[in-house]
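Colleague: Before I rely on this model at the bench, I would like to go through the reasoning behind its descriptions. Could we take them one at a time, with the cut-offs stated?

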Amino acid sequence: GINDLKAIAKGNELCNAYSLDTISMGDVISFAMECFENKLFTREETGGIELTFGNAEAMLKTIELVVKREGIGDLLAEGTARAAQKIGKGAMEFAMQVKGLDIPMHEPRLKAALGLGYAVNPHGADHCANMHDTMVAGRGLERLKPLGILEPLPADDLGPSKVSLFRYVQQERIVRDCLTICSFVPYDVEQLSDILAVVTGWNTGTVEMLRVAERTLTMARLFNIREGFTAADDKLPDRFFQPKRNGALSTKFYSAEELEKAKSYYYALMGWDADGVPTPERLQELGIE
């Protein structure tokens, strides 16, 4: 709720100087503000800081407290999920995170497949190893043609065709991660394979690269299963299943039922069973049995 550009720039500068992720820091501060406004902790517990939405000074002070792990900053330095668990009293309702990773600014009530990506990504609410639905609603569609994505789909669609497109785009994003190539460089997947072939001399192509991405994603899934994660962790905060109080999304919300259907279809496309566990056949096919 802060619109003071100088304060925002200063907050960004502090995060960069202290090696803090700006997305998670912003989420932690907004979480703290919502907890404060709902009286889950007092001014005494915040060290006298009036942690209300729109308070630029409070935002800057909180960054410093988190860095030094002083006062309320020691709790908030754990991130929204762990802080909410420690606070109790319903604080988890205000923790905008998936699998402990804080949600970026990109809104799943507008971008439906992006919300699916937040839910199913092995590391939580990542907007990078993900599909921004506006890409396939028109803008940016040209770069996706090598993946077989030829026709636009509405940004709020979450049917089988959109889920299938999401899977391909997610894998293309993971290819970029594997190659350590910036997501903002506008190469299509065929150009990525050409670059890799030229640099390494490998006779590779799009199919092999997407297969590497699927193997990477499946290995991450297996790691999570070993560590105790289940399909129940592939979820979004309840807030996205409600409309916003005002503005463009005041009459629109994410459908929990549609998300569950999309998850099931995604699992099937990935060769995972109904519980989100990769099947022995798919593991063998990927060479990671």
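Colleague: Which elements have the lowest and the highest mean pLDDT?

Modeller: Among the elements of the protein chain, H8 has the lowest mean pLDDT, 92, and H1 the highest, 98; pLDDT is the predictor's confidence in each residue, from 0 to 100. The mean for the protein chain is 94, and 99% of its residues reach 70 or more. This is a predicted model, in which local features need pLDDT of at least 70 and side-chain atom pairs count only at pLDDT 80 or more, while totals for chains, interfaces and linings use all residues. Residues are numbered from 1 along each chain as its sequence is written, and side-chain values use heavy atoms, with hydrogens and water left out.

Colleague: What makes H6 a helix that is largely enclosed by the rest of the structure?

Modeller: Helices (H or I, at least four residues) and strands (E, at least two) are DSSP runs, numbered from the N terminus, and H6 covers residues 112-120. Buried means under 20% relative accessible area, exposed over 50%, and partly exposed in between, with a 1.4 Å probe and protein chains only. Nine of the nine residues of H6 are buried, and therefore the helix is largely enclosed by the rest of the structure. Those buried residues pack against strand E1 (97-98) and the helices H7 (160-179), H9 (206-226) and H10 (256-270), where contact means heavy atoms within 4.5 Å.

Colleague: What does H6 give to the largest nonpolar core?

Modeller: A nonpolar core is a set of buried Ala, Val, Leu, Ile, Met, Phe, Trp, Tyr and Cys residues joined through side-chain atoms within 4.5 Å. The largest one has 43 residues, and those with the most contacts inside it are Leu116, Ile149, Leu236, Tyr254 and Tyr266. The elements that give two or more residues to this core are H6, H7, H8, H9 and H10, and H6 gives the most, with seven residues. Apart from this core lies another, of 30 residues, among them Leu14, Leu40, Val66 and Ala83.

Colleague: Why is glutamate 34 called buried?

Modeller: Its relative accessibility is 14%, and therefore glutamate 34 counts as buried. Glutamate 34 is found in helix H2, residues 22-37, and its side chain makes a polar contact of 2.7 Å with the side chain of arginine 239. A polar contact is a pair of N or O atoms within 3.5 Å; within protein, one must be able to donate a hydrogen and the other to accept it, and residues adjacent in sequence count only if both atoms are side-chain atoms. Serine 24, also found in helix H2, is buried with a relative accessible area of 18%, and a polar contact of 3.2 Å joins its side chain to that of aspartate 102.

Colleague: How do you know that the length of H2 agrees with what is expected?

Modeller: The expected span of a helix is 1.5 Å times one less than its number of residues. The 16 residues of H2 should therefore span 22 Å, and the end C-alpha atoms are 22 Å apart, which agrees.

Colleague: What is notable about the phi of lysine 89?

Modeller: Most residues other than glycine have a negative phi. Lysine 89 has a positive phi of about 55 degrees although it is not a glycine; this residue lies in the loop between H5 and E1 and, at 60% relative accessibility, counts as exposed. Threonine 180 likewise has a positive phi, near 50 degrees, and its place is in the loop between H7 and helix H8 (189-200). At 72% relative accessibility, threonine 180 counts as exposed.

Colleague: How many disulfides are there, and what rule gives that count?

Modeller: A disulfide is a pair of cysteine sulfur atoms within 2.5 Å, and by this rule the count comes to zero. Cysteine 15 is in no disulfide, the nearest cysteine sulfur, that of cysteine 128, being 17 Å away. Cysteine 15 is buried, with a relative accessible area of 3%.

Colleague: Why is cysteine 178 not bonded to the closest cysteine sulfur?

Modeller: The sulfur of cysteine 178 is 14 Å from the closest cysteine sulfur, in cysteine 128, and that is too far for a bond. At 44% relative accessibility, cysteine 178 counts as partly exposed.
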